[in-house]
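User: Please take a close look at a single part of this structure, namely one strand and the sheet around it. I should like one connected account that then sets this part within the whole chain.

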Amino acid sequence: MPALLLQGEPIAERLLVGLREEAKGLVAAGRAPRLAALYVGENRASRLYMKKQREACSALGIGYETAALPVESTEEEVLAEVRRLNNDARVSGIIVQMPVPPHIDSRRLRLHLDPAKDVEGMHPESMGRLVYGTSTLAPCTASAAVELARSVRPSFAGLDVTIVGHSETVGKAIALLLLQSPFESATPTVCHVATRDLAAHTRRADVLFVAVGKAGLVRGDMIKPGATVIDIGINHVDVLDERGMPVLEGGKTARRIVGDVLFEEAANVCAHITPVPGGVGPLTVVMLIRNTIECAKGIDRRRDSVSH
Ligand code: NAP
């Protein structure tokens with residue numbers, strides 16, 4: 001039987017209903033959430049993501065602003081902008097758009113963010129809270145992926161979960177999110193480039209998360225029958241005709257977006273699978289909004305507990 005398609009949009013809509021109410025309550029209490037995006041240089045993907053952020057904020061009555069700096073800005077100039085946003089009492093959350101130009105150390109930028117405004121959950125303090133199991137601000141893509149899996153697996157207790165890819169913001173963060181509760185935790189295995197037999201690990205996963213950035217990395221025969229497959233990868237590949245030749249569009253090779261999992265093969269084996277695009281993507285911005293609201297709610301408490 002073909003797998004059930006796990007689309008992000010309906011889950012996003014459901015979550016937004018609750019977030020809209022929370023945002024309304026905060027506005028009424030004089031603690032209006034406001035998201036600021038720090039953007040250095042020029043990047044098409046960042047522009048698209050900021051457009052989505054602005055639309056989502058505006059739909060929920062959340063304030064939104066961008067702080068754009070030219071590509072030639074020095075690291076000190078960018079850090080000064082981070083400090084300005086940290087000290088702006090109207091701003092509840094700050095997102096640093098990636099990538100930043102190569103002469104700027106993105107880790108140093110994140111280190112200078114006020115952790116109480118860390119809507120991406122990437123400050124070491126946020127990561128530390130994730131390890132402690134007291135996190136309220138987790139990395140958005142990881143939260144989105146776990147939220148999708150949770151929509152069909154309400155409890156992870158006793159499940160074998162394999163995560164392919166161990167980046168700080170996606171793979172490692174998913175593993176930590178799955179270990180938050182002593183009674184509900186899954187048993188995660190995290191695979192990476194040095195993993196000896198990837199298929200041996202993916203084949204025993206009840207839930208499989210794949211976040212690598214390699215089209216076709218996971219084939220149907222690497223998946224356990226009945227598994228839940230969350231494909232986070234985004235890859236731009238050529239569109240091929242039935243003879244395997246590139247299809248031309250307007251004189252150029254046509255391109256399409258695919259994930260890391262061979263969808264057609266996987267969908268015949270697993271029970272649930274995310275489409276790419278349309279799975280994790282639509283939920284990522286919702287997690288960003290959720291974190292912005294968390295920041296607006298908790299900013300005083302968190303500031304009281306840690307001095308900066
Ligand atoms: P990343 O930082 O490049 O990490 C990729 C990970 O994959 C690394 O841990 C790498 O391991 C591992 N890897 C590479 N080749 C492998 C292999 N053959 N087998 C097993 N693991 C392998 O990328 P990322 O930021 O985590 O993103 C991963 C993918 O998710 C990308 O396609 C990205 O575009 C996509 N993404 C999607 C969203 C969304 O909203 N949908 C958001 C963020 C990212 P080593 O470090 O050991 O080399």
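Analyst: The account below begins with one strand, moves to its sheet, and then turns to the rest of the chain.

This is a predicted model, in which local features need pLDDT of at least 70 and side-chain atom pairs count only at pLDDT 80 or more, whereas totals for chains, interfaces and linings use all residues. Residues are numbered from 1 along each chain as its sequence is written, and side-chain values use heavy atoms, with hydrogens and water left out.

The part chosen is strand 7, which spans residues 207–210. Helices (H or I, at least four residues) and strands (E, at least two) are DSSP runs, numbered from the N terminus. Val207 and Phe209 point one way from strand 7, while Leu208 and Val210 point the other way. In a regular strand the side chains alternate between the two faces of the sheet. All four of these residues, Val207, Leu208, Phe209 and Val210, are buried. Here buried means under 20% relative accessible area, exposed means over 50%, and partly exposed lies in between (1.4 Å probe, protein chains only).

Strand 7 has pairings with two strands, where two strands pair if DSSP finds at least two bridges between them. Strand 5 (residues 160–164) is joined to strand 7 by 4 bridges, and the two run parallel. Val161 has Val207 of strand 7 as its bridge partner. Strand 8 (residues 228–231) is likewise joined to strand 7 by 4 bridges, again in parallel. Here Thr228 of strand 8 stands opposite Val207. Val207 thus has a bridge partner in Val161 and stands opposite Thr228.

The wider sheet is open and consists of 6 strands in the order 1-13-8-7-5-6, with parallel pairing. Strand 1 (4–5) and strand 6 (187–191) stand at its edges, and because each has a single partner strand, one side of each is left without a neighbour in the sheet. At one of these edges, strand 1 pairs with strand 13 (residues 272–273) in the parallel sense over 2 bridges. Leu4 stands opposite His272 of strand 13 in this pairing.

The loop between strand 13 and helix 10 (281–305) contains Pro277. The peptide bond from Val276 to Pro277 is cis, with omega near 0°. A further cis peptide bond joins Met98 and Pro99, where omega is about 0°. Pro99 is found in the loop between strand 4 (93–96) and helix 4 (106–112). Most residues other than glycine have a negative phi, and most peptide bonds are trans.

Another parallel pairing links strand 2 (residues 34–40) and strand 3 (residues 63–69), which are joined by 7 bridges. Leu35 has Tyr64 of strand 3 as its bridge partner. Strand 3 is mostly covered, with 5 of its 7 residues buried.

Several helical residues complete the picture. In helix 6 (residues 140–150), 9 of the 11 residues are buried, so this helix is largely enclosed by the rest of the structure. Its buried residues include Cys140, Val146, Glu147 and Leu148. Helix 3 (residues 75–87) contains Glu75, which is buried with a relative accessible area of 17%. Leaving aside neighbours within four places in sequence, Glu75 is in contact (heavy atoms within 4.5 Å) with His103, Ile104, Asp105 and Arg108. Ala89 lies in the loop between helix 3 and strand 4 and is exposed, with a relative accessible area of 80%. Ala89 and Arg34 are 55 residues apart in sequence and 9.7 Å apart in space, C-alpha to C-alpha. Pro10, in helix 1 (residues 8–28), is partly exposed at a relative accessible area of 48%.

As a whole, the protein chain has 10 helices and 13 strands. Its radius of gyration is 20 Å, which agrees with the value near 19 Å for a compact globule of 308 residues. That radius is taken over C-alpha atoms, and the globule rule is 2.2 Å times the number of residues to the power 0.38. Of the 308 residues, 49% count as buried. Among contacts between residues at least 6 apart in sequence, 71% join residues at least 24 apart.
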